[in-house]
Amino acid sequence: MIFATVGTQLPFDRLLHGLDSWASRNPSVPIFAQIGTSSGRFRHIETVPSLSQTEFAQRFEAARLVVSHAGMGTILSAAEMGKPLILMPRRAKFGEHRNDHQQDTAAEMSRLSNLRVVADGEDLHRALDRAAARGFPCLSPGADLAGRELEPLLEVIRDFVWDQTAAPKTTRIGKVA
């Protein structure tokens with residue numbers, strides 16, 4: 001099963017339509033997508049607007065491949081669970097986000113061995129075709145996905161994303177840092 005997630009803030013129909021059109025040519029591959037606020041109609045993939053944390057984790061665990069926007073939580077989860085990941089960064093010029101920070105995230109994370117970055121629907125189709133030809137291989141959890149050079153960056157991001165108890169730090173003059 002392919003699990004797709006686009007986050008919950010803004011619609012990301014460009015990714016979802018690309019995935020749906022690929023699914024129309026590959027009906028034997030089940031695809032489940034968390035589509036957020038999208039009002040699009042997708043005929044070839046199963047969709048829900050949102051999932052609970054438990055449901056999200058179950059879908060993620062069951063997936064042979066994850067397709068996503070360039071959200072750090074998804075990138076970290078894929079790395080930690082050994083899931084291959086295809087990212088399509090949201091683009092401000094298409095009204096998918098306020099700025100292009102996901103382009104920067106995807107460029108930096110593209111060095112992860114379990115991750116492919118795609119720019120558009122055609123590129124997504126090629127990446128999905130390659131993954132399908134290999135049988136959607138999953139890596140073992142804890143595999144060296146990033147290499148030594150990215151591990152310090154990933155550790156900082158993990159701490160920031162997953163540490164729910166962190167409070168804003170103040171400087172000596174009392175301003176929030």
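# A walk through the chain

Start with the whole chain on screen: among its contacts between residues at least 6 apart in sequence, 64% join residues at least 24 apart. Keep in mind that you're looking at a predicted model.

Colour by secondary structure next. The protein chain has six helices and six strands, and reading along the sequence gives you the pattern β-α-β-β-α-β-α-β-α-β-α-α. Now switch on the surface. About 9,900 Å² of the protein chain is accessible, and 52% of that area belongs to carbon and sulfur atoms. Of the 177 residues in the chain, 42% are buried.

**Stop 1: helix H1**

Select residues 13-25. That's helix H1, with 13 residues. From the first C-alpha to the last, H1 reaches 18 Å, close to the 18 Å expected at 1.5 Å a residue.

Which residues of H1 are buried? Show the side chains of Leu15, Leu16, Leu19, Asp20, Trp22 and Ala23, and mark Gly18 too: those are the ones. To see what covers them, add strand E1 (2-5), strand E2 (31-34), strand E4 (65-68) and helix H5 (121-133), which are among the covering parts.

**Stop 2: the cores**

Select Ile2, Val67 and Leu128. Inside the largest nonpolar core, which has 25 residues, these three have the most contacts. E1, H1, E2, E4 and H5 are the elements that each give two or more residues to this core. The largest share comes from H1, with five residues.

Zoom in on Ile2 and look past its neighbours within four places in sequence. Ile2 is in contact with Trp22, Val29, Pro30, Ile31, Phe32, Leu65, Val67, Leu128 and Phe136. There's also a second, separate core of 16 residues; pick out Ala63, Met72, Ala78 and Leu87, which are among its members.

**Stop 3: the aromatic rings**

How many aromatic pairs does the structure hold? Four. For one of them, select Phe3 and Phe60. Their ring centres are 6.2 Å apart and their planes sit at 70 degrees, so this pair is edge-to-face. The pair links distant parts of the chain: Phe3 belongs to strand E1 and Phe60 to helix H2 (residues 53-62), 57 residues apart. Both Phe3 and Phe60 are buried.

Now add Phe56. Phe56 makes a tilted pair with Phe60, at 5.8 Å centre to centre with 40 degrees between the planes. Both Phe56 and Phe60 lie in helix H2, four residues apart, or about one turn of the helix.

Is Phe56 buried or partly exposed? Phe56 has 23% relative accessibility, so it counts as partly exposed. Phe60 is at 1%, so Phe60 counts as buried; the cut-off for buried is under 20%.

Add Phe32 to your selection and you have one aromatic cluster, formed by Phe3, Phe32, Phe56 and Phe60. Before you leave, show Arg59 as well. Arg59 lies over the face of Phe32, at 3.5 Å from the ring centre.

**Stop 4: His69**

Where is His69? Look in the loop between E4 and helix H3 (72-81). His69 has a relative accessibility of 12%, so this loop residue counts as buried.

To see what surrounds His69, set aside the residues up to four places away in sequence. His69 touches Thr5, Val6, Gly7, Phe12, Leu15, Leu87, Met88, Arg90 and Gln102. You've met two of those names already: Leu15 is one of the buried residues of H1, and Leu87 is in the second core.

Note on methods:
Residues numbered from 1 in each chain as written. Predicted model: local features only at pLDDT ≥ 70, side-chain atom pairs only at ≥ 80, totals over all residues. Heavy atoms only, no water. Expected span 1.5 Å × (residues − 1). Buried < 20%, exposed > 50% of the residue type's maximum accessible area, 1.4 Å probe, protein only. Contact = heavy atoms within 4.5 Å. Core = buried A, V, L, I, M, F, W, Y, C linked by side-chain atoms within 4.5 Å. Phe/Tyr/Trp six-rings, centres within 6.5 Å; stacked < 30°, edge-to-face > 60°. Lys NZ or Arg CZ within 6 Å of the ring centre and 35° of its normal. Areas by Shrake-Rupley, 256 points an atom, 1.4 Å probe, with all protein chains shown as cover.
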